Amino acid sequence: MRYFITGTAGFIGFHLARRLLQDGHEVTGFDGMTHYYNIKLKHMRNAALAQFPAFRPVTAMLEDRKALEDAVAAAKPDVMVHLAAQAGVRYSLENPRAYLTSNLEGSWNILEIAKNVGIGHLMLASTSSIYGASPTVPFHETDRADEPLTFYAATKKSMELMAHSYAHLYKVPTTAFRFFTVYGPWGRPDMALFKFVKNMIDGEPIEIYGEGKMSRDFTYIDDLVESIVRLSAVVPSEENRVADTKVETLSHQAPFRVINIGGGQPESLLDFVDTVEKALGRPAKRKMLPMQKGDVPRTFASPDLLMALTGYKPDTSLETGVKAFVDWYLEAHRELDG
Ligand SMILES: NC(=O)c1ccc[n+]([C@@H]2O[C@H](COP(=O)([O-])OP(=O)(O)OC[C@H]3O[C@@H](n4cnc5c(N)ncnc54)[C@H](O)[C@@H]3O)[C@@H](O)[C@H]2O)c1
């Protein structure tokens with residue numbers, strides 16, 4: 001198969017591209033190499049992907065319609081996976097414009113091109129953040145989820161809605177994934193695991209928000225990739241409508257479905273810190289801080305729809321996943337810091 005993936009210099013895009021290349025597929029990777037975090041990490045990921053002859057990287061921004069059109073025309077993809085975005089909850093307070101251009105205009109360009117080339121399956125990355133501070137757990141895809149607490153979440157929810165209209169009007173089969181705190185080797189430097197491990201190794205304190213009372217449904221990267229690979233074969237259509245109306249989100253107006261990718265096993269932030277300490281074999285200097293603006297107290301995925309469609313749900317233990325991250329970090333950090 002030929003895949004066109006945006007965001008391949010990023011954490012998730014890199015892992016997905018590598019897995020698909022290992023499986024023998026062709027991958028065109030489109031990434032603007034933004035400077036949101038240490039660009040060296042993006043170059044390192046690109047170098048690892050360049051070892052596969054079937055990988056074709058394109059460096060350009062999503063907002064550059066012509067560059068995106070040309071890249072898709074050259075790739076002739078069967079499937080498009082749109083992962084490139086301005087990610088991160090906190091940074092959306094500082095620089096909302098980056099979210100507006102990347103996540104709204106950029107995603108709209110993807111929709112237009114998917115429509116024009118008549119793509120077989122469009123997959124998009126949304127987020128658990130769109131559930132906001134919903135007190136009802138676990139979060140089901142059928143929940144209303146229309147009270148986002150951050151502009152980041154608002155742009156992702158808007159992307160879902162824009163994509164639904166394109167799926168209806170132009171019959172673009174579309175699956176929107178709601179990811180839940182993804183972690184693992186090659187992970188993002190702005191996320192808690194990376195910051196905790198780095199600071200603990202450097203002997204610096206770690207900042208624990210919400211006095212440690214927050215919880216997150218952590219998803220190990222390999223489990224996430226496995227879920228995406230399985231879902232790429234489940235093109236939304238009436239033929240694969242799930243009988244259980246409590247979980248199914250397949251639209252009655254369009255070949256469009258939203259789906260959680262999370263295991264449904266939330267962990268408290270303090271248990272998470274304990275796990276990191278165990279993996280590193282050293283204690284953290286804990287600096288307790290209140291919840292930050294825009295933080296949500298918990299995330300908790302219902303994996304029922306994912307199970308119904310793929311017979312699979314993420315299940316790697318936090319111990320295993322954190323250990324894998326630490327092993328990678330100990331190898332990679334000199335090159336990253338150098
Ligand atoms: N990692 C998580 O826990 C998580 C959780 C929920 C949702 N998501 C979503 O998953 C996707 C991938 O996230 P990630 O963790 O790999 O993030 P990442 O920041 O590591 O990767 C995103 C990539 O997109 C590129 N990019 C950003 N804006 C661009 C633009 N306008 N044009 C071209 N390229 C651009 C960046 O250079 C980067 O390499 C994102 O859409 C993110 O919002 C991630």
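The accessible surface of the protein, computed by the Shrake-Rupley method with a 1.4 Å probe, comes to about 14,300 Å², of which 53% belongs to carbon and sulfur atoms. The structure is a predicted model, in which local features need pLDDT of at least 70 and side-chain atom pairs count only at pLDDT 80 or more, whereas totals for chains, interfaces and linings use all residues. Residues are numbered from 1 along each chain as its sequence is written, and side-chain values use heavy atoms, with hydrogens and water left out.

Of the 338 residues of the protein, 54% count as buried, that is, under 20% relative accessible area (1.4 Å probe, protein chains only), with exposed meaning over 50%. The largest nonpolar core, a set of buried Ala, Val, Leu, Ile, Met, Phe, Trp, Tyr and Cys residues joined through side-chain atoms within 4.5 Å, has 64 residues, and those with the most contacts inside it are Ile5, Leu16, Phe179, Phe272 and Trp328. Helix α11 (residues 318-337) gives the most to this core, with eight residues; helices are DSSP runs of H or I with at least four residues, strands are runs of E with at least two, and both are numbered from the N terminus. A second, separate core of 27 residues includes Ala71, Ala75, Ile110 and Ala163.

In helix α3 (residues 65-75), the buried residues are Ala67, Leu68, Ala71, Val72 and Ala75. These cover an arc of only 125° around the axis, which puts them on the same side of α3, the arc being that of the directions from the helix axis to the C-beta atoms. On the other side of α3, Lys66 and Ala74 are exposed.
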